[in-house]
Amino acid sequence: MVEFDDTFRRHLHELFVWRRDVRRFRSDPLPEGAIDRLIETACLSPSVGLSQPWRFVVVDDAARRRAVVEDFRACNADALDCYSGERAARYATLKLSGLEQAPGHLAVFADKASDIGHGLGRATMPETTEYSVVAAITAMWLAARADGIGLGWVSILNPDRIHAILDVPASWKFIAYLCVGYPEAECDRPELEQAKWEHRRGADEFTLRR
């Protein structure tokens with residue numbers, strides 16, 4: 001049996017505190033095999049019925065990357081149109097992707113047609129397939145931070161267009177597009193909090209007791 005001491009638990013908490021959604025990357029290339037190792041760690045995550053529904057696409061092709069960047073720009077312009085006044089002005093100043101700077105691009109999908117796990121646990125809550133993939137991304141995020149590598153989750157994308165750009169099976173549901181690389185700077189506060197878009201709230205605001 002492995003036991004974790006107080007020092008480990010303190011360091012683990014610090015890892016949670018210092019994990020960031022990175023938008024600003026250095027241009028340094030990642031070490032050989034770095035993304036593969038992060039994927040291996042993600043695959044240690046729990047999944048409903050041991051279904052292991054995560055599917056990873058390492059995007060190295062320059063043309064596909066450019067197409068993703070163009071899709072982000074179009075979607076970001078549409079998102080800006082949803083705001084007005086001061087909020088729109090503030091939104092326009094935000095840096096919301098590191099797609100053009102990050103040395104690594106990784107798309108993550110959930111395979112909703114997989115028979116791995118034989119459907120256990122999914123009959124009443126089929127959405128646990130997607131939840132399982134998000135859990136894997138979280139594990140990868142923390143493992144990356146422990147290696148000094150930053151991840152940035154880009155959600156301002158059109159899922160249908162990403163499907164077409166990456167040419168993946170129709171049964172795969174798009175979950176995340178991740179920028180991977182070394183961050184320009186490290187901080188224990190979210191960038192959106194620093195930009196005064198929103199502030200982190202305490203756990204008591206989200207907790208009910210019955």
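Is D167 buried or exposed? I opened my notebook with that one, keeping in mind that this is a predicted model.

**Entry 1: D167.** I looked up its accessibility and found D167 exposed, because its relative accessible area is 61% and the exposed class begins over 50%. I then placed D167 in the loop between α6 (159-166) and β4 (172-181). Its backbone caught my eye too: phi of D167 is near 55°, a positive value in a residue that is not glycine.

**Entry 2: Q52.** I turned to another residue with a positive phi, since Q52 has a value of about 45° and is not a glycine either. I found Q52 in the loop between α2 (34-42) and β1 (54-58). Q52 counts as partly exposed because its relative accessibility is 33%, which falls between the limits of 20% and 50%.

**Entry 3: a nonpolar patch.** Which residues make the nonpolar surface patch of about 480 Å²? I noted V2, F4, F8, L12 and F16. I followed up on L12, which sits in helix α1 (residues 6-18). With a relative accessibility of 31%, L12 is classed as partly exposed.

**Entry 4: the cavity.** Next I went looking for enclosed space. I found one cavity of 30 Å³ or more in the structure, and the volume of the largest cavity is about 80 Å³. I listed its lining as W18, R19, R20, V22, R145, G148, I149, G150, P183, A185, E186 and C187. Sorted by class, that lining has six nonpolar, two polar and four charged residues.

**Entry 5: the largest pocket.** How many residues line the largest pocket? I counted on the record here: 20 residues line it, and D21, R23, K95, L96 and L192 lie nearest its centre. The elements giving two or more residues to this lining are α4 (85-93), β3 (150-154) and α7 (191-194). I wrote down a volume of about 440 Å³ for the largest pocket. Its lining divides into 10 nonpolar, two polar and eight charged residues.

**Entry 6: the second largest pocket.** I finished with the second largest pocket, which holds about 210 Å³ of space. Its lining has 14 residues, and those nearest the centre are R24, A185, C187, E191 and Q194. By class I noted five nonpolar, one polar and eight charged residues. Two names were familiar by now: A185 and C187 line the largest cavity and also lie nearest the centre of this pocket, along with R24, E191 and Q194.

Methods: Residues numbered from 1 in each chain as written. Predicted model: local features only at pLDDT ≥ 70, side-chain atom pairs only at ≥ 80, totals over all residues. Heavy atoms only, no water. 1 Å grid on protein atoms, 1.4 Å probe; cavity = no way out; pocket = protein on both sides within 12 Å on 5 of 7 lines; lining within 4 Å. Points joined across faces, edges and corners; volume = space filled by probe spheres on them. Nonpolar A, V, L, I, M, F, W, Y, C, P; charged D, E, K, R; others polar. Patch = residues over 30% accessible without salt bridge, like charges linked within 9 Å, V, L, I, M, F, W, Y side chains within 5 Å. Areas by Shrake-Rupley, 256 points an atom, 1.4 Å probe, with all protein chains shown as cover. Salt bridge = Lys/Arg side-chain N within 4 Å of Asp/Glu carboxyl O. Helix = DSSP H or I, 4+ residues; strand = E, 2+ residues; numbered from the N terminus. Buried < 20%, exposed > 50% of the residue type's maximum accessible area, 1.4 Å probe, protein only.
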